Amino acid sequence: MKKRYTVTAALPYANGPIHIGHLAGAYIPADIYARYLRLKGNDVIFVCGSDEHGAAIPIRAKKEGVSPQKIIDKYHEIIKKSFEDFGISFDNYSRTSSKIHHKIASNFFNELNKKNIFIEKESEQLYDLKENQFLADRYVEGECPKCGFKEAYGDQCESCGSSLNATDLLNPKSKISGNKPSLKKTKHWFLPLNNFEDFLNKWFIEDKKNDWKSNVFGQVKSWINEGLKPRAITRDLDWGIPVPIKDVKGKVLYVWFDAPIGYISSTIEWAKKKQKDWKPYWQDPDTELVHFIGKDNIVFHCIIFPSILSASGKYILPTNVPANEFLNLEGQKISTSKNWAIWLQQYMEDFPQMQDTLRYVLTTNAPENKDNDFTWKDFQAKNNNELVAILGNFVNRVVVLTHKYYNGKTPKMGVLCQKDNKIIEEVYNCPKNIGFSIEKFKFREAINLVIDLARTGNKYLADEEPWKLIKTKDSKKVDTIMNISIQICGILSIVCEPFLPQTAKKLKKQFNIKNFEWDSINIKNPIITEEIRQGSLMFRKIEDQEIILQLEKLNDSKK
């Protein structure tokens, strides 16, 4: 049965380029899921956009001596191009500085304010006397009160993932002047999360235990059990969406209030372009809403945003939030400030036309349940030993043998033996098994099943040895072997698409595979065509010197 899905991926801050940790955490998993759902024939919208109101943006602007607008314009385009380069198939990639987003976020605030959802009160906030300004979120850093990490931000700790308020930090320091801040009274609007505990207990604790990832469920349950407190949803800043109340000056909406609403405004923007109705994607209870994020965003997507949606009363709630843990690099935490990262722009320069290799390695090594590590040597090994030696080798052997024996024409199957029937049944079961893993958000498991399919094809050819049979009285048996091998390549062209879109495109072109939906792959409807084109190798080997160069470059970046 066809369904409607709204799929979102975390809005990246437009204050710098994208690195491999971003891809592994949210964007490749979201893209795999959205591509798969489309192949199933579902009604899918996959949205994202640049988050352009974070406090990190004016900080970056100050460092570079330019306006925040120039920063977001620069990095929005860089980020958008990186996503396009790596085949992240957004239906709409928007930005939170757009007029439509300002309008939708302001409407949300006004609606909830009229319902008396918010608490308006004075509180003490950190203040930089030298700079004569309040220090919101990333304008301040200090020691995390929960894990002791010395460089925690004023909104969260990147070491333990805890969500914080700036006043929670021990030994806080202004990131503008370097001075120790003082406390000063200011008025803000608060979302009283404690009023939503009954809702969250019923919606989340009672319903999600068996369906959601344990790392997500555990973190949210811990937060709720500790007791929720009111959280300020406005800030003393001059960059962001102004608080839409008459005579209120110098205050903007908290980025974590406005950013998730960006999913809705991006959908509305898409709908206007397509002349479609956006409401079913956010207001129809039959629609499934799935957020793909990193673990540092769990609280915002599983507590704060659902509370906002619930308070509105008009919107659906997330069906699932399959958050990933963090990806480390060569045994160390990825750090943009220390330049310990692999930037997608740089990767494209060093490994042109090898986007699928990185997608593959990041998927096989995805931090789905715990932090994982990316190493350049593992990258090389997975490319050479799996993509080249298994998937690429199998496809190349099939193409070469078909052209050698049949001039590129697909032979008809002869009489099938027990082994042939077994292999056909096995390979046509693969899409169902791969799909089951994708639907459970087990993308590592799913991509391994794809490679296992190619491995099965290689073993089948090696066991049957058609190059020997072709010269014997059993030469007609070769027709069946090659026909089955071509069918396996056809299945690969479909099941590769969510994970390796460039590779799938090459396979479909080479094997003349037309539009096949995922569920139409079965024994009674074989994926096969009459003619196979010759083509270049699917993947190239990565040499040792290339990896040595990358390791040197990475280590030099720290100096």
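**Sheets, helix packing and empty space in a predicted model**

Q: What makes the lining of the largest cavity divide as it does by class?
A: By class, this lining has seven nonpolar, three polar and two charged residues. Ala, Val, Leu, Ile, Met, Phe, Trp, Tyr, Cys and Pro count as nonpolar, Asp, Glu, Lys and Arg as charged, and the others, Gly among them, as polar. Asp137 and Arg235 of the lining therefore count as charged, whereas His53, Gly54 and Gly240 count as polar. The nonpolar residues of the lining include Ala55, Leu237, Trp239 and Tyr254.

Q: On what basis do these values rest?
A: The model is predicted, and local features need pLDDT of at least 70, side-chain atom pairs count only at pLDDT 80 or more, and totals for chains, interfaces and linings use all residues. Residues are numbered from 1 along each chain as its sequence is written, and side-chain values use heavy atoms, with hydrogens and water left out.

Q: Why is one space called a cavity and another a pocket?
A: On a 1 Å grid over the protein atoms alone, a cavity is a set of points where a 1.4 Å probe fits but cannot get out, whereas a pocket is an open set with protein on both sides within 12 Å along at least five of seven lines; lining residues have an atom within 4 Å of a point. The search of the whole structure finds five cavities of 30 Å³ or more, and the largest of them holds about 50 Å³. The largest pocket has a volume of about 1,500 Å³.

Q: What makes up the lining of the largest pocket?
A: The lining comprises 50 residues, with His19, His22, Arg138, Glu158 and Thr336 lying nearest the centre of the pocket. Helix 1 (20–39), helix 2 (56–64), helix 7 (255–274) and strand 14 (327–329) are the elements that give two or more residues. Helix 1 gives the most, with six residues. By class, the lining divides into 24 nonpolar, 14 polar and twelve charged residues.

Q: Why is the relation of helix 12 to helix 18 given the description it has?
A: Helix 12 (residues 376–406) and helix 18 (residues 544–556) pack at an angle of about 155 degrees, with their axes 9 Å apart. Angles over 145 degrees count as roughly antiparallel, and the two helices are therefore roughly antiparallel to each other. Their crossing is right-handed.

Q: How do you know that strand 9 pairs with strand 4 and with strand 10?
A: Two strands pair if DSSP finds at least two bridges between them. Strand 4 (residues 119–128) and strand 9 (residues 182–192) are joined by nine bridges in the antiparallel sense; among the partners, Glu122 faces Lys187 and Leu126 faces Leu183. Strand 9 and strand 10 (residues 230–232) have three bridges, also antiparallel, and Leu191 stands opposite Arg231. The resulting open sheet has the antiparallel order 5-4-9-10. Its edge strands are strand 5 (133–134) and strand 10, each pairing on one side only.

Q: What makes strand 3 and strand 13 edge strands in their sheet?
A: The open sheet of four strands has the order 3-2-1-13, with parallel pairing. Strand 3 (92–95) and strand 13 (288–292) each have a single partner strand, so one side of each is left without a neighbour in the sheet. From one strand to the next, the twist averages 20 degrees. Strand 1 (residues 4–9) runs parallel to strand 13 over five bridges, and Thr6 has Leu289 as its bridge partner there.

Technical notes:
Grid points are joined across faces, edges and corners, and a volume is the space filled by probe spheres set on the points. Axes are lines fitted to C-alpha atoms, for helices over the stretch in contact, and angles run from 0 to 180 degrees between N-to-C directions. Angles under 35 degrees count as roughly parallel, over 145 as roughly antiparallel, 65 to 115 as roughly perpendicular and the rest as oblique. A crossing is left-handed if the near helix is turned anticlockwise from the far one by less than a right angle, and right-handed if clockwise.
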